[in-house]
Amino acid sequence: MTEKKLLGDDGKRLSGRSDVDLRPLSMSVGILKQANGSAMVEWGKNKVIAAVYGPREVFPKHQTNPHKARISFRYVMAPFCSMEEHGRAGPNRRSIEISKVLKHVFENLVLVNQFPKTSVDISTEVIQSDGGTRVAALTAASLALVDAGIPMRDLVSPVSVGKIEGRIVVDLDKDEDNFGSSDMPVGFSHRTGEIVLWQMDGMLTRDELAKGLDMAFEASKKVRELQLEALKAKYGTAEQAETG
Ligand code: CDP
């Protein structure tokens with residue numbers, strides 16, 4: 001990966017953030033009328049919409065599981081979401097991989113045994129992108145699932161960490177992601193203490209990895225706080241919302 005200057009002369013990141021600062025993050029729940037649940041997350045320059053339909057009949061029917069609900073997850077970038085050339089709109093190799101990884105996160109969190117023979121369909125659209133879209137999509141999808149009343153063990157509160165010019169920093173933007181030397185998106189369930197997503201691009205030493213994980217855990221607490229606030233804004237108390 002090519003390195004580009006990502007730290008200013010004052011030692012700060014080009015955005016003026018410290019190593020542990022998140023970009024501005026805002027969330028709203030229930031933004032679509034038709035979906036059973038929906039949410040929008042604006043995270044730095046990322047803008048992601050999530051919609052949830054279900055539990056509903058499984059299509060195609062042969063994918064029906066008599067013991068548990070099927071989770072489907074679609075992550076896709078709008079063709080106009082960045083300055084980069086995306087080619088044709090719709091799914092591509094990258095978005096299919098991200099969809100698969102994010103689906104597994106919710107297969108572990110949704111109480112799928114409670115509604116067998118049904119499907120819970122989660123769809124996320126990246127309207128504008130600037131690095132960290134998969135964590136923004138996960139954040140929005142969590143809120144949309146709660147909004148749809150789908151029972152879950154917990155929300156997922158994700159954030160990415162990475163390495164730029166030899167420093168471990170939180171919440172990489174696109175230049176930091178593309179020109180830094182490593183990027184590690186991590187998702188936590190704070191209620192259970194589990195890591196429910198963990199990917200990594202590039203190389204980190206064992207110490208850097210441990211430090212990055214600690215920094216991601218701390219930063220994800222802020223993400224969770226904002227998720228609960230967004231749910232409270234619609235439902236009164238987050239506990240009421242989380243239990244449907
Ligand atoms: O978005 P995320 O960091 O989860 O995924 P990535 O594959 O590491 O991509 C980093 C960033 O590159 C994205 O957020 C986009 O801003 C940009 N990108 C793009 O514009 N077009 C693509 N086809 C892939 C990435």
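These legends walk through close-up views of a predicted model, starting at the ligand and moving out to two pockets.

**View 1. The ligand and the residues around it.** Welcome to the ligand, which has 15 residues surrounding it. The closest of them are Arg-94, Gly-131, Gly-132, Thr-133 and Arg-134. Sorted by class, this shell holds seven charged residues, seven polar ones and one nonpolar residue.

**View 2. Polar atoms facing oxygen atoms of the ligand.** Here we can look at individual atom pairs. A polar side-chain atom of Thr-133 is 2.5 Å from a ligand oxygen. At Gly-132 the partner is a polar backbone atom, with an oxygen atom of the ligand 2.8 Å away. Asp-177 also takes part in this view: one of its polar side-chain atoms lies 3.0 Å from an oxygen atom of the ligand. On its own, the ligand has 500 Å² of accessible area, and the protein covers 85% of that.

**View 3. Helices that contribute to the shell.** Which helices each supply at least two residues of the shell around the ligand? They are helix H2, spanning 133-147, and helix H3, spanning 174-179. H3 gives the most, with three residues in the shell. Thr-133, met in the previous view through its 2.5 Å pair with the ligand, falls within the 133-147 span of H2.

**View 4. The largest pocket.** The ligand takes up the space of the largest pocket. That pocket contains about 580 Å³ of space. It is lined by 24 residues, and those closest to its centre are Met-77, Arg-94, Arg-134, Asp-177 and Asn-178. Four elements can be traced along the lining, each giving two or more residues: helix H1 (93-109), H2, H3 and strand S8 (182-189). By class, the lining of the largest pocket has eleven polar, nine charged and four nonpolar residues. Arg-94 and Arg-134 make handy landmarks for finding your way, as both are also listed among the residues closest to the ligand.

**View 5. The second largest pocket.** Our last stop is the second largest pocket, with a volume of about 190 Å³. What lines the second largest pocket? Its lining includes Lys-45, then Cys-81, Ser-82 and Met-83, followed by Gln-128, Ser-129 and Asp-130, and finally Asp-173, Lys-174 and Asp-175. Five residues of this lining are charged, three are polar and two are nonpolar.

Terms used
Residues numbered from 1 in each chain as written. Predicted model: local features only at pLDDT ≥ 70, side-chain atom pairs only at ≥ 80, totals over all residues. Heavy atoms only, no water. Near = heavy atom within 4 Å. Polar contact = N/O pair within 3.5 Å; in protein donor to acceptor, adjacent residues only side chain to side chain. Areas by Shrake-Rupley, 256 points an atom, 1.4 Å probe, with all protein chains shown as cover. 1 Å grid on protein atoms, 1.4 Å probe; cavity = no way out; pocket = protein on both sides within 12 Å on 5 of 7 lines; lining within 4 Å. Sits in = over half its atoms within 2 Å of the grid points. Nonpolar A, V, L, I, M, F, W, Y, C, P; charged D, E, K, R; others polar. Points joined across faces, edges and corners; volume = space filled by probe spheres on them.
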